[in-house]
Amino acid sequence: MNVPSSAPAATTAAAPPTPALSVAEREVRLTSLLIVAALLLGLVLQVWVPPGGVTLVAGAALAGAVVIALWFVVPGRLRETLAGFRFIATLLFVLATFAMLGTLVLQMKPAAFYIDRYGLVGRFIVGLRLDDVFHGLPFALVMALFGASVIGSASLRWPLSWRKSGFFICHVGLMTSLAGAAASATLAIRGRIDLHAGGETAKYVRVTRGGAPTGEYAQLGFDLRLDRFKAESYETEYRVGYYEQVPFRDEDGRVRSRWNLKASFDPDADKHRLPNGDSFQLRSIDPAAHAVLAEVHQGGIPKVQLLSAERASPFFLSPSRVLVYERRADEKRAYISWVTATAAASEQKGVISVNEPMTYGGWTLYQVNYNPEDPTYSGLEAVYDPGVSWVFLGFFLICLGVAWMFYVEPRLKRKAAAPAAPTPAAA
Amino acid sequence: MVGQLQYIAVEYPLFAATGALYAAAMALYAAAWKSTRQLVARAGTALMLAALVLNLGLFIVRWHEAGRAPLKSLFESLVFFALCIAVVYVFFELIYRTRAFGVPATLLALGCLLYAVVRWDAEIVKLPPALQSPWFVPHVMVYFVGYAAVAIAFALAVIQLLAPRVPVVGRLLTMKAGTIMTGEKLDIEKMSYDLVRFGFVLLTIGLLVGSVWAKSAWGDFWVWDPKENWSLVTWLVYGGYLHLRRVRGWRGEKGAWLLIVGFAVVMFTYLGMHLLPTAEESAHVYTQ
Ligand code: HEM
């Protein structure tokens, strides 16, 4: 196995005037050089090539091919560096930095949004295209190094053997996932379909990017009709609630206060303790009138009060603490659309709900929106994505490969090795 | 605060008892650092097992009360995190045959429960449609077992860094009396590496299950949601650690520092999402 960085520094009999760089130092330099060059080149080139799915995929593929070509022609440490643990670990940290950046700056908003919100910093964000880091050339070129490293390191370890199979499975998985993600980024179409129940039909999808409409339309290839829509609620519940008034800062920075639910209790006959140290017990419960008679213990003589869920009747434990009997807010359990898809000769009925999409004619349809004011409206998301199964297959292989590497390979190695002393791990 | 603690003790007795047992187990594990009597250390393990059983009971009772897996709110996830830490630790104790690290493990589990007290949100809430998926339970469970493994690896990394500097801690790794079942010197570096490997497999599976779920719920396997991104960051940092470990010079303290960074990233992913400017768009933030 090739372990580039473990080689000791070159030593010569007579000390040279300036000590030669050690292998490790040269590797560190080359690693930094390659990564910094990829980032800078990407930053410069994206002045002319703006971020986008095609930019990402074409940029990464092209640059990856160049790196692999260099791999074969450039002598010296390039190969060992690219296939080495130091390089890949550094790349993984660089990718982690990209992923963090994507959460510090909201992605894919219009340029005006950043400038309005962040002023000068906003201009900087837009200038460096930090508003779309995952589709820009700096990211694409880093991915190119990544791909070249995955392929290169595998080629150095060819041929395949049982004892190295975890590594190969993992790397085939990585490349399969990346290829699938590339197909998704370039070929997938997603968009919205808004329908009203009672027979309204859609033939097109309003295309979106990053959730915002692009103004384009894509043909579904079939007619989609919404027959019925239903927003199902959980059963109505009545509970005893204990609220405390807490301060908060509103949008203008003013300190205000609001009531926060701190604890709640089933209406039962047990004695309950409250977070402020008081306690209460329900003397009687009237399910029909949605009211309870509460006996509150605060030291001294207990106080009794009728608490009704139908009208405001709080028991003030203190000016900033109350006990109430209340109906729980309407909580939605499910949104369900019954649809019919009709193509030239065939017709298919289907039910779409959150987490249970329907696939027809290459499109997958998801329940994503509803309107409490308009019970007939249903918002669907339509996605055409030829890459996704490859992404999952790749991911599955990565899981398998990693588990194999950790738990099967050591056993195979142990079996193969003589029963004598264990071999020390490569440094 | 006293009122709040009384309220928890009366209304959530199982929770309070679980915390008390973890604290008691910790005290005995600590006593076993000094004592040469096997009984003390064994009692530590026995109490740890008892705490684990109560913690499991807490989880099951809550599941029954809520009518769904109790993995939704911060409170529920902290209770489950404590359980995972206890389970992973007990296996760890069995495999490596040492009780030297019972204190940090119980401290982690107890820390989860104490944090649950500070950020108390034990109200049972209904599951919104997006979470009603067969992927929900495996996704969260796999992640928390993985988090538990890297949490213990983090504790070992801290001990590894303190050992040469603080004599009391250093003694932990060489001590032959009381806590150590085999009497051999402990290879703490290898132990944390094993834990990270185990954790990494689970983080990988968690990432996969999460993306399959995202596909079925949102129509896209990756939506660059802050939590998704940060779980990718976690995965990449531990991936970086596993590779760097094979680079000369990264086995010792540098590797331990990396595990501390890794766990800080895990904690931020778990609890820090609301601090991000992109949080408002996330489907993953714990709110109160
Ligand atoms: C992209 C270029 C990559 C290269 C060049 C690379 C290279 C390697 C090599 C050579 C090994 C050792 C195999 C052996 O022992 O025979 C290895 C192990 C491993 N690789 Fe990669 N890998 C890459 C990417 C990844 C990625 C992205 C991951 C996932 C984060 C990953 C996960 C692993 C794991 C978990 C191990 C086992 C480490 C250990 O046993 O300590 N690899 N990698």
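**View 1. Val322(A) sits in a strand of chain A in this predicted model**. The strand that holds Val322(A) is strand 11 of chain A, which covers residues 321-327. Is Val322(A) buried or exposed? With a relative accessibility of 5%, Val322(A) counts as buried. Look around Val322(A), skip its neighbours within four places in sequence, and you will find contacts with Gly241(A), Tyr242(A), Tyr243(A) and Trp259(A). Pro314(A), Phe315(A), Phe316(A) and Leu317(A) are in contact with Val322(A) too. Thr81(A), by contrast, is 241 residues away from Val322(A) in sequence, and their C-alpha atoms are 67 Å apart in space.

**View 2. Helix 2 and helix 5 of chain B pack against each other**. Here you can follow helix 2 (residues 13-34) alongside helix 5 (residues 102-118), with 9 Å between their axes. How are the two helices of chain B oriented to each other? Their packing angle is about 155 degrees, and an angle over 145 counts as roughly antiparallel, so that is the description that fits helix 2 and helix 5 of chain B. The crossing of these two helices of chain B is left-handed. On the side of helix 2 of chain B, the contact includes Phe15(B), Tyr22(B), Met26(B), Tyr29(B) and Trp33(B). Helix 5 of chain B brings residues including Val103(B), Leu107(B), Leu110(B), Leu113(B) and Val117(B). Sorted by class, the residues of this contact between helix 2 and helix 5 of chain B are 15 nonpolar, four polar and no charged.

**View 3. Helix 6 and helix 10 of chain B cross at roughly 140 degrees**. In this close-up, helix 6 spans residues 136-162 and helix 10 spans residues 253-271, and their axes come within 8 Å. That angle makes helix 6 of chain B oblique to helix 10 of chain B. The crossing of helix 6 and helix 10 of chain B is left-handed. Among the residues that helix 6 of chain B adds to the contact are Phe144(B), Tyr147(B), Phe154(B) and Gln160(B). From helix 10 of chain B come, among them, Glu253(B), Trp257(B), Phe263(B) and Tyr270(B). By class, this contact of helix 6 with helix 10 of chain B has 16 nonpolar, two polar and one charged residues.

**View 4. Met108(A) and Arg97(B) each have a positive phi**. Met108(A) is not a glycine, yet its phi is about 60 degrees. You can find Met108(A) in the loop of chain A that joins helix 4 (85-104) and helix 5 (111-118). Met108(A) is partly exposed, at 25% relative accessible area. Now turn to chain B, where Arg97(B), again not a glycine, has a phi of about 50 degrees. Arg97(B) lies in the loop between helix 4 (74-96) and helix 5 of chain B. The relative accessibility of Arg97(B) is 41%, and Arg97(B) counts as partly exposed.

**View 5. The cysteines here form no disulfides**. How many disulfides does a search of the whole structure find? Over all chains, the search finds zero. Take Cys399(A), which is in no disulfide: the nearest cysteine sulfur belongs to Cys170(A) and is 9.3 Å away. Cys399(A) counts as buried, with 10% relative accessibility. Why does Cys84(B) not bond to Cys112(B)? The sulfur of Cys112(B) is the closest cysteine sulfur to that of Cys84(B), but at 9.3 Å it is too far for a bond. Cys84(B) is buried as well, with a relative accessible area of 5%.

Technical notes: Residues numbered from 1 in each chain as written. Chains lettered and ligands numbered in written order. Predicted model: local features only at pLDDT ≥ 70, side-chain atom pairs only at ≥ 80, totals over all residues. Heavy atoms only, no water. Disulfide = S-S within 2.5 Å. Buried < 20%, exposed > 50% of the residue type's maximum accessible area, 1.4 Å probe, protein only. Axes fitted to C-alpha atoms, helices over the stretch in contact; angles between N-to-C directions. Helix = DSSP H or I, 4+ residues; strand = E, 2+ residues; numbered from the N terminus. Parallel < 35°, antiparallel > 145°, perpendicular 65-115°, else oblique. Left-handed = near helix turned anticlockwise from the far one by under 90°. Contact = heavy atoms within 4.5 Å. Nonpolar A, V, L, I, M, F, W, Y, C, P; charged D, E, K, R; others polar.
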